[in-house]
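Biologist: I have not met this structure before, and I would like to learn how to read its features one at a time. Could you take me through them slowly?

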Amino acid sequence: MEEKLKIAHQFILESPPGELNDVFNDLIVLLDVDDYKDLLPQFVKSFQEYNNTNFIPVEIPDQKTKAIISKFGMIDDEHYLDPRSGNSFAFDHFHQKVDDVQKVEIEENDEIKLRGAVDKEIQKYVSEHFPEGVNAVYYKDDKMTIIITANKYNPDNFWNGRWRSIYHINTENNEVTGYIKSNVHYYEDGNVQLEWKKDTTFTLTKDKSNIEEYAKNIAKGIDEFERNAEISLKETYNDQADNILKSLRRALPVTKQKMDWNQISYFKLGNELNPKSK
């Protein structure tokens, strides 16, 4: 059973966007257990890793904007911090539910002001480019982390997708490192997944002496990188359709002549009318 649970754990981590519960239900059937509740602690750990890694957005009661589940906001195994609202909350990874929302007392200082200014600019960028987008900005000891996540679930048409990007900023030397990860699953009469990742490193042209300009410079750098990455992705798949996929089959038969399908139909008709010629 231990080996089976290791395999089940990996299946959970590889679950396509919006299909975690479907994968889990199938795993319970495959594991053939009478009562999975005995295995619940192990499944909860798998769910927690999945949620943290995929930056799952969650709704907080009486709060207009969503929070993000990630290791950067973890207070302990059950509680997370939403840096925008200053609320902590408990999250049930297995049932995907939020509980125990409490206000955290945070002392106002330059670090908090800078975090707030960057969050404002990133929120503006996300609202312009991601209809279902959510972002969070974490900042501590000159290390800032920006997370952007957007999910689109369309099971009625047999596809689901997720975009996630993360950026680590050293506010002392203004270096930015990060990446985009995208996953799309299409499963009508088949099972096709696209997984794509793009890394980046760049240096900001402004420093944090001017908080507003610094925040705008961060958002501009992310915008440029993600815009160029998306253009590059589109060009790659257009090239695949126009060149790579076409090269997988001959444009002409080995005779180097186009097939005359009308003539073939005539031959077939002639054979049917004159069975003696067979």
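**Reading the strands and helices**

Modeller: Let us begin with one pair of strands, bearing in mind that this is a predicted model. Strand S8 (residues 159-170) and strand S9 (residues 175-186) run antiparallel and are joined by 12 bridges. To follow the pairing by eye, start from Asn 160, whose bridge partner in S9 is His 185.

Biologist: How many residues lie between the strands in the hairpin of S8 and S9, and which residue there takes a positive phi?

Modeller: That hairpin has 4 residues between its strands, and Asn 174 is the residue with a positive phi, near 65 degrees. A second hairpin is formed by S9 and S10, this one with 5 residues between the strands, and in its turn Asp 189 has a positive phi of about 55 degrees.

Biologist: Over how many bridges do S9 and S10 pair, and which residue of S10 stands opposite Ser 182?

Modeller: S9 and S10 pair over 12 bridges, again in the antiparallel sense, and the residue opposite Ser 182 is Trp 196 in S10.

Biologist: In what order do the strands of the open sheet come?

Modeller: The order is S6-S7-S8-S9-S10, which makes an open sheet of 5 strands with antiparallel pairing. At its edges are strand S6 (133-140) and strand S10 (192-203), each of which pairs on one side only. On average, neighbouring strands of this sheet are turned by 10 degrees against each other, with direction ignored.

Biologist: And how should I think about the side chains of such strands?

Modeller: As a general idea, side chains in a regular strand alternate between the two faces of the sheet.

Biologist: Which helix lies across S6 and S7?

Modeller: Helix H4 (residues 110-129) lies across these two strands, and it runs at about 160 degrees to S6. Beneath that description is another antiparallel pair, since S6 and strand S7 (residues 143-154) are paired over 8 bridges, with Asn 135 standing opposite Ile 148 in S7.

Biologist: Turning to helix packing, at what angle do H1 and H2 pack?

Modeller: Helix H1 (residues 2-13) and helix H2 (residues 20-31) pack at an angle of about 160 degrees, and their axes are 10 Å apart. An angle over 145 degrees counts as roughly antiparallel, and H1 and H2 are therefore roughly antiparallel to each other. Their crossing is right-handed. H1 contributes Lys 4, Leu 5, Ala 8, Phe 11 and Ile 12 to the contact, while H2 contributes Leu 20, Val 23, Leu 27 and Leu 31.

Biologist: Is H1 roughly parallel or roughly antiparallel to H3?

Modeller: The axes of H1 and helix H3 (residues 40-54) come within 9 Å and cross at roughly 30 degrees, which makes H1 roughly parallel to H3. H1 passes H3 in a right-handed crossing. Among the residues making this contact are Leu 5, His 9 and Ile 12 of H1, and Phe 43, Phe 47 and Tyr 50 of H3.

Biologist: Finally, what can be said of the protein chain taken as a whole?

Modeller: The protein chain holds 6 helices and 10 strands, and 38% of its 278 residues count as buried. Its accessible surface comes to about 18,000 Å², with 49% of that belonging to carbon and sulfur atoms. Among contacts with a separation of 6 or more, residues 24 or more positions apart account for 49%.

Conventions:
Residues numbered from 1 in each chain as written. Predicted model: local features only at pLDDT ≥ 70, side-chain atom pairs only at ≥ 80, totals over all residues. Heavy atoms only, no water. Pairing = 2+ DSSP bridges. Axes fitted to C-alpha atoms, helices over the stretch in contact; angles between N-to-C directions. Contact = heavy atoms within 4.5 Å. Buried < 20%, exposed > 50% of the residue type's maximum accessible area, 1.4 Å probe, protein only. Areas by Shrake-Rupley, 256 points an atom, 1.4 Å probe, with all protein chains shown as cover. Parallel < 35°, antiparallel > 145°, perpendicular 65-115°, else oblique. Left-handed = near helix turned anticlockwise from the far one by under 90°.
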